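Please look through the sequence and the coordinates below before reading on. The text afterwards is meant to be followed with the structure in view.

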Amino acid sequence: MKIYKGSGKKKCAVARVFLKIKKNKIKINNLNINEYFNKKLNYKLIFDPVKLTNSKNLSIKANVKGGGKSSQIMALRNGLAKALLNYNIKYKKILSDNKLLTRDSRMVERKKIGKVKSRKNKQFSKR
C-alpha cells in the first residue's frame, strides 16, 4: 500500500502528514484527534482539503511539533492538502484556488531595543 506524504508549516509549527487509502483513521502524534485537540478549538478546519476533493477512506497519520494548537491545526491543514496533491495531481486546481497549498508566511515580529514590544513605545512623561 502506497503512502503519500506532505508537510505543512505555520509560524513555528511543523506538521508531517502521511496518507494511506484504506479505512478512516486519524492519528496525530499517536493520539486520536479528539484527545489531541480539545473541543474548544475548531479542529474541523483540518478537513477542508478532504471535503473539497470529496476524498473517502483516508487513513491519516501526522506528526506535529512546535507552535500553539491553532498554528498546529493550520499546519496540518497545509500538510494534508500537499499529501492529497501527491495522491492525485488533478486536485491541484481545487486546492490552489482555495489557497490551501500556500504557506502562511506571517511570523512574529522581533522585539526592538528601547521598545516594550516590537512597535509599542513606553508611555511618554511630560514632567
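The paragraphs that follow move from the confidence of the model to its sheet, then to the helix on that sheet, and then to its salt bridges.

The model is a predicted one, and its confidence is therefore the place to begin, since predicted coordinates should not be read in detail where pLDDT is low. Over the chain the pLDDT averages 92, and 100% of the residues score at least 70. Among the elements of the chain, strand β1 has the highest mean pLDDT, at 95, while the lowest, at 88, belongs to helix α1, which covers residues 33-36.

The sheet comes next. It is an open sheet of 5 strands with mixed pairing, and the strands are arranged in the order β1-β2-β5-β3-β4. Its edges are formed by β1 and by β4, the latter made of residues 31-32, and each of these two strands pairs on one side only. Helix α3 packs on this sheet, where it touches β1, β2, β3 and β5, and the direction of the helix makes about 150 degrees with that of β1.

Within the sheet, strand β5 shows how the mixed pairing arises. Strand β2, residues 13-21, pairs with β5, residues 58-65, in the antiparallel sense, and 8 bridges are found between them. Strand β3, residues 25-28, runs parallel to β5 and is joined to it by 4 bridges. Which residue of β5 is the bridge partner of Lys-20? The partner is Ser-59, and Ser-59 is also the residue of β5 that serves as bridge partner of Lys-25. As background to reading such strands, the side chains of a regular strand alternate between the two faces of the sheet.

The charged side chains can now be placed on this framework. Side chains of opposite charge can pair when their charged atoms come close, and the structure holds 6 salt bridges. In one of them the side chains of Arg-77 and Asp-48 meet, with an N to O distance of 3.3 Å. Because Arg-77 lies in helix α3, residues 69-87, and Asp-48 in helix α2, residues 48-53, this pair ties together parts that are 29 residues apart in sequence. Arg-77 itself counts as buried, because its relative accessibility of 18% is under the 20% limit.

Another salt bridge links Lys-112 with Glu-109, whose side chains meet at 2.5 Å, N to O. Both partners are partly exposed: Lys-112 has a relative accessibility of 26%, and Glu-109 has a relative accessible area of 37%.

Elsewhere, salt bridges with shared partners join Lys-10, Asp-104 and Arg-106 into one network. Within this network, the closest N and O atoms of Asp-104 and Arg-106 are 2.9 Å apart. Are the members of the network buried, partly exposed or exposed? Lys-10 is buried, with a relative accessible area of 12%, whereas Asp-104, at 25%, counts as partly exposed, and Arg-106, at 59%, is exposed.

Lys-10 also leads back to the sheet, for its place is in strand β1, residues 4-10. Leaving aside residues up to four places away in sequence, Lys-10 touches Ser-71, Met-74 and Ala-75, together with its network partners Asp-104 and Arg-106.

How values were computed. Residues are numbered from 1 along each chain as its sequence is written. This is a predicted model: local features need pLDDT of at least 70, side-chain atom pairs count only at pLDDT 80 or more; totals for chains, interfaces and linings use all residues. Side-chain values use heavy atoms; hydrogens and water are left out. Two strands pair if DSSP finds at least two bridges between them. A salt bridge is a side-chain nitrogen of Lys or Arg within 4 Å of a carboxyl oxygen of Asp or Glu. Buried means under 20% relative accessible area, exposed over 50%, partly exposed in between (1.4 Å probe, protein chains only). Contact means heavy atoms within 4.5 Å. Axes are lines fitted to C-alpha atoms, for helices over the stretch in contact, and angles run from 0 to 180 degrees between N-to-C directions. pLDDT is the predictor's confidence in each residue, from 0 to 100.
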